[in-house]
Amino acid sequence: MKRMLFAFRLWLLTMVALAGPLSLSAQQVLSRPASDFLDLQGGVTEAELVTRALASNPTLLAQRQQIAMARGEVTQARLRQNPSLMLGGLKEVNGDDNAIKVSGSLPLELFGRRARRTEVAESKEEATQQSVADEERLLAGEVRMRFGQALAAIRDLQFVEQLLQVNRDFLRLTEDRAREGAAPSLDADETRVEANRIESLRIDYQAKAEVALLALKETVGVDADEVIRLKGQLELAPQDYDRKQLLQLAMDHRPDLAFQRANELLAHAELRSDRAMGKPDASVFGGYERPDSGFSQEAFDAAGNLRPIRQTFNYATFGLNINLPLFNRNQGAVAADTAAIQTARSRIAAVDLSLRHEVAQNLIRFNGAQARVTVYRSGVRDQAAHNLDVVRQTYSYGRTTLLDVVAEQRRYIDIETGYTDILLDAYVARISLEQASGTNLP
């Protein structure tokens, strides 16, 4: 046992020599405190970042253009078909006969073709709006999760900063006792090693906080160089939700379900449109013709003079052009639309089933996470902090070794960072439950 203790202390002395300069170098690279990431007075809240993301995220802005495109298609579908105008003439080769023709036609669009076309375009617009709304729901959830991850990293950084300050104070006290001969010099070296180890943890958590903040900025659509400080708490108040109410909220507010319902309406509209296109259509036409023709003989006119035989005529033409769908009545399109309706109904059923499972699973996860937070806070975390205080006091009385203090402190670090993970899990579970419900919960 003594040999093992001697070997361990020798390893600690080696780490002192190595950890000192490495820690100093790391400090020069990463030395931002937690206060640079968090501002509980003037910082930006989760809701503000969600609002900003919905207004400035470039991917979402590109998807919103699809709504503008769909609105343009509605405008186009409502327009009547243009009339046609034809101008022509006739000229006899090596002769004087000629004719002028002017005619026009107007499509009638029988059997509600324009109304059916407009209905299809409006259904596409509604489906596009619901699709973009679902993207907004997912983006808002991602921003909130990134916000929670950033808060968790900042909380770990705050904890390690406080622990580092405690260890530095403990190091000064141990060095003073070593100089006075009240404690062995090796205890001061071991304390210095532990302080440097915690400093390395601080650097690690600072890097994680910066990465989490950058990921949050990317999701929101904020430039990486823009300085933002967060305002929020990772620990949430306990809540109790009813499963039936959550399911009803999901049925009423989930845009992905509304999107599939809009697709079914679109398939019905396309079926009605294709059936209308398979029926007869017609266009009215009318025109004017002015032929000028004659013969090579001559005849006497009313005055008794000989003149070439020529005559100009004026004709009005009119009629109805009917398109008869004898062979092509859109049979294939109607069959495809019928299959599309069945597909849409199956997708509605699939989304409905998935929605119910999401609500049930996330509610169980949320309740479990809340229970873990309660148990961990009172039964694990508080007890671990008390144990560390007791071990430090017994060491100050000389009743235990420094190694016992170091071991207890490392257990406390694991427990405290584990508590952050549990808080984050409860935070994310709350967000996932709201996403499953399709709306914000109280």
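Which residue in strand 2 is the bridge partner of Gly88? The partner is Lys101. The model shown in these views is predicted.

**View 1. Strand 1 and strand 2 run antiparallel.** Strand 1 covers residues 84-91. Strand 2 covers residues 98-107. Eight bridges join the two strands. Gly88 and Lys101 are bridge partners here. Six residues lie between the strands of this hairpin. Among the hairpin residues, Asn94 takes a positive phi near 60 degrees. Strand 1 has eight residues, and the number buried is zero, so strand 1 lies largely in the open.

**View 2. Helix 4 reaches 101 Å from its first C-alpha to its last.** Helix 4 spans residues 113-180. The helix has 68 residues. Its reach is close to the 100 Å expected at 1.5 Å a residue. Gly181 comes just after helix 4. This glycine takes a positive phi of about 85 degrees.

**View 3. Arg172 and Asp169 form a salt bridge within helix 4.** Their closest N and O atoms are 2.1 Å apart. The two residues sit three apart in helix 4, so about one helical turn separates them. An α-helix has 3.6 residues a turn, so residues three or four places apart point the same way. Arg172 is partly exposed, at 44% relative accessible area. Asp169 is also partly exposed, at 36% relative accessibility.

**View 4. Arg32 and Asp36 meet through their side chains in a salt bridge.** The N to O distance is 3.6 Å. Arg32 has 31% relative accessibility and counts as partly exposed. Asp36 has 23% and also counts as partly exposed.

**View 5. A salt bridge joins Arg345 to Glu264.** The distance is 3.0 Å, N to O. This pair links distant parts of the chain. Arg345 belongs to helix 8 (residues 331-396), and Glu264 belongs to helix 7 (residues 255-277). They are 81 residues apart. Arg345 is partly exposed, with a relative accessible area of 41%. Glu264 counts as buried, at 18% relative accessibility.

**View 6. Salt bridges link five residues in a network: Asp134, Arg137, Arg254, Asp256 and Glu358.** Across the structure, the count comes to 33 salt bridges.

**View 7. Tyr241 and Phe366 form a tilted aromatic pair.** The structure holds four aromatic pairs. In the pair of Tyr241 and Phe366, the distance is 5.8 Å centre to centre, with 40 degrees between the planes. Tyr241 lies in the loop between helix 5 (185-220) and helix 6 (243-253). Phe366 lies in helix 8, so the pair ties together parts that are 125 residues apart in sequence. Is Tyr241 buried or exposed? Tyr241 counts as buried because its relative accessibility is 12%, under the 20% cut-off. Phe366 counts as buried too, at 3%.

**View 8. Tyr376 and Tyr419 form a stacked pair.** Their ring centres are 5.9 Å apart. Their planes meet at 15 degrees, so the pair counts as stacked. Tyr376 lies in helix 8, and Tyr419 lies in helix 9 (residues 402-437). The pair therefore ties together parts that are 43 residues apart in sequence. Tyr376 is buried, with a relative accessible area of 17%. Tyr419 is buried as well, at 1%.

Technical notes
Residues are numbered from 1 along each chain as its sequence is written. This is a predicted model: local features need pLDDT of at least 70, side-chain atom pairs count only at pLDDT 80 or more; totals for chains, interfaces and linings use all residues. Side-chain values use heavy atoms; hydrogens and water are left out. A salt bridge is a side-chain nitrogen of Lys or Arg within 4 Å of a carboxyl oxygen of Asp or Glu. Buried means under 20% relative accessible area, exposed over 50%, partly exposed in between (1.4 Å probe, protein chains only). Helices (H or I, at least four residues) and strands (E, at least two) are DSSP runs, numbered from the N terminus. The expected span of a helix is 1.5 Å times one less than its number of residues. Two strands pair if DSSP finds at least two bridges between them. Rings of Phe, Tyr and Trp (its six-membered ring) pair if their centres lie within 6.5 Å; planes under 30 degrees apart count as stacked, over 60 as edge-to-face and the rest as tilted.
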